[in-house]
Amino acid sequence: MTAAKTDVRPPLNTPALLMFTISTLLLLTVFPWYLLTHDVSAGAWIGGVVLLYACGLSITGGYHRLWAHRAYQAHGSLKLFYVLFGAMAFQNSILIWASTHRIHHRHVDDVDHDPYSINRGLWYAHLGWMLRDYPSARLDYSNARDLLDDKLVMFQHRYYLPLALFMNIGFPFLLGLAFGDAMGWLMVGGLLRLVVNHHVTFLINSLAHYWGRRPYTIENTARDNDLIALLTYGEGYHNYHHLFQWDYRNGVRWWQFDPTKWMIASLSWIGVTRNLKRVPEFRIQRAMLQRQFERVRERLNACKNPSRLEAMQQQFEQELDAFKVTVNAWSQLQAQRIEAARDKLNDQWQHSEMRQQLLALEQALREQRERMQTMHWQPA
Ligand SMILES: [Zn+2]
Ligand SMILES: [Zn+2]
């Protein structure tokens, strides 16, 4: 796809342009000069990393998973933390960020409607989309009525600029004063941290739609990438996220690096977060198996050896039948569960019986996935 042709380029977005130009220029000139001519305390470096994570997690845990996707609920104290450190990340107010992001999910990859469509190029998806008033990023908040009713969100939106300026300049300076290195904190915890914060988040819009694997869906360009997850507080499992956007986890496996997920889950133990939404394991396994079937089908289409093709096709049909049987059994179980809930027949026995059946079905899919992986689908 190519970008939609427009005769006149949209006007420049001056505030964003100024912010990015000033912060980048200062980082490239004043920052190295300061490092060469002054000693920056260890405290300032440590503080810079802490602030980087506080801001990053406020974007991923707050702006993204809490407000844009409603993947869980949070106590007011955590929301306030997100409001302050999200403003410090300087990526616009929660209202604008979440509304834009909901449009991204709705129209993902569409060159005219996805605000940061990767099909308009890596640079555009990373940063370019913010430098001009592109029609695709125009907001009317019709998709964010819940946020318009949220007092804290609206407070941040109303006082966004003074809040963001104070958190980026005044706050690190005051912290630095307390630790005896005001300018060091301003340089590292203010300037360097801000630019790193920006580009780390922007990677999710650019590289996470460009580089990596697609184990769950090829309906869109989103990718899973462990390296990007490492840099983005766990948001690199973007293929999973685009299919199951309301899950509070992006790295759905326990071992996948997703500090945002760990933070939300551990805060639930002390009641700061609650109602954490998880996609049922069966659906996740089903999506992965569907992708496996698609891949095998591609290989079958490429097979030129008739006798080999026949054997593979037979195997394929058998696996597909087994898959359909499991999925049907699961659909029936879901219907039974709904009925049981409606008739209030949720007694202990029935509940545990159904749970056992569900676990068995999940296991059946898991085993089928392993079987499919070890089979020789490669055309001879
Ligand atoms: Zn995306
Ligand atoms: Zn999202």
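These are my notebook entries on the overall build, the domains, one helix pair and the nonpolar cores of a predicted model.

**Entry 1. Overall build**

I began with the whole chain. I counted 16 helices and two strands in the protein. I then took the extent of the C-alpha trace, which spans about 75 × 55 × 45 Å along its principal axes. Of the 380 residues, 35% are buried. I also looked up how contacts are spread along the sequence: among those between residues at least 6 apart, 68% join residues at least 24 apart.

**Entry 2. Domains**

I looked up the domain assignment next. It gives domain 1 as 14–274 and domain 2 as 281–374. I noted 37 Å between the C-alpha centres of the two domains. Five residues from domain 1 and four residues from domain 2 take part in the contact. On the domain 1 side I sorted the touching residues by class and found four nonpolar, one polar and no charged residues.

**Entry 3. Helices α3 and α10**

I picked one helix pair to follow. Two packed helices are described by the angle between their axes and the distance between the axes, so I looked up both. Helix α3 covers residues 42–68 and helix α10 covers residues 182–205; their axes come within 9 Å and cross at roughly 35°. I recorded the crossing as right-handed.

I then went through the residues that make this contact. On α3 they include W45, L51, L52 and I59, along with the glycines G47, G48 and G56. On α10 they include W185, V188, L192 and V196, and also R193 and N197. By class I have 11 nonpolar, seven polar and one charged residues in the contact.

**Entry 4. Nonpolar cores**

Which residues touch the most other members of the largest nonpolar core? I found C55, Y63, W67, M88, I94, A98 and L147, out of 40 residues in that core. I checked where the core comes from: α3, α4 (76–88), α5 (94–106), α9 (160–179) and α10 each supply at least two residues. The largest share, nine residues, comes from α3.

I looked at M88 on its own. Leaving aside neighbours within four places in sequence, M88 is in contact with C55, A164, M167, N168 and F171. I noted that C55 also appears on the α3 side of the contact with α10.

I found a second, separate core of 13 residues, with V200, A208, Y216 and L231 among them. V200 had already come up in Entry 3, on the α10 side of the contact with α3.

Conventions. Residues are numbered from 1 along each chain as its sequence is written. Chains are lettered from A and ligands numbered from 1 in the order in which they are written. This is a predicted model: local features need pLDDT of at least 70, side-chain atom pairs count only at pLDDT 80 or more; totals for chains, interfaces and linings use all residues. Domain bounds come from an automatic or database domain assignment. Two residues are in contact if their C-beta atoms, placed from the backbone, lie within 7 Å. Ala, Val, Leu, Ile, Met, Phe, Trp, Tyr, Cys and Pro count as nonpolar, Asp, Glu, Lys and Arg as charged, and the others, Gly among them, as polar. Axes are lines fitted to C-alpha atoms, for helices over the stretch in contact, and angles run from 0 to 180 degrees between N-to-C directions. Helices (H or I, at least four residues) and strands (E, at least two) are DSSP runs, numbered from the N terminus. A crossing is left-handed if the near helix is turned anticlockwise from the far one by less than a right angle, and right-handed if clockwise. A nonpolar core is a set of buried Ala, Val, Leu, Ile, Met, Phe, Trp, Tyr and Cys residues joined through C-beta atoms within 7 Å. A residue is buried if 20 or more other C-beta atoms lie within 10 Å of its own, exposed if 12 or fewer, and partly exposed in between; C-beta atoms are placed from the backbone.
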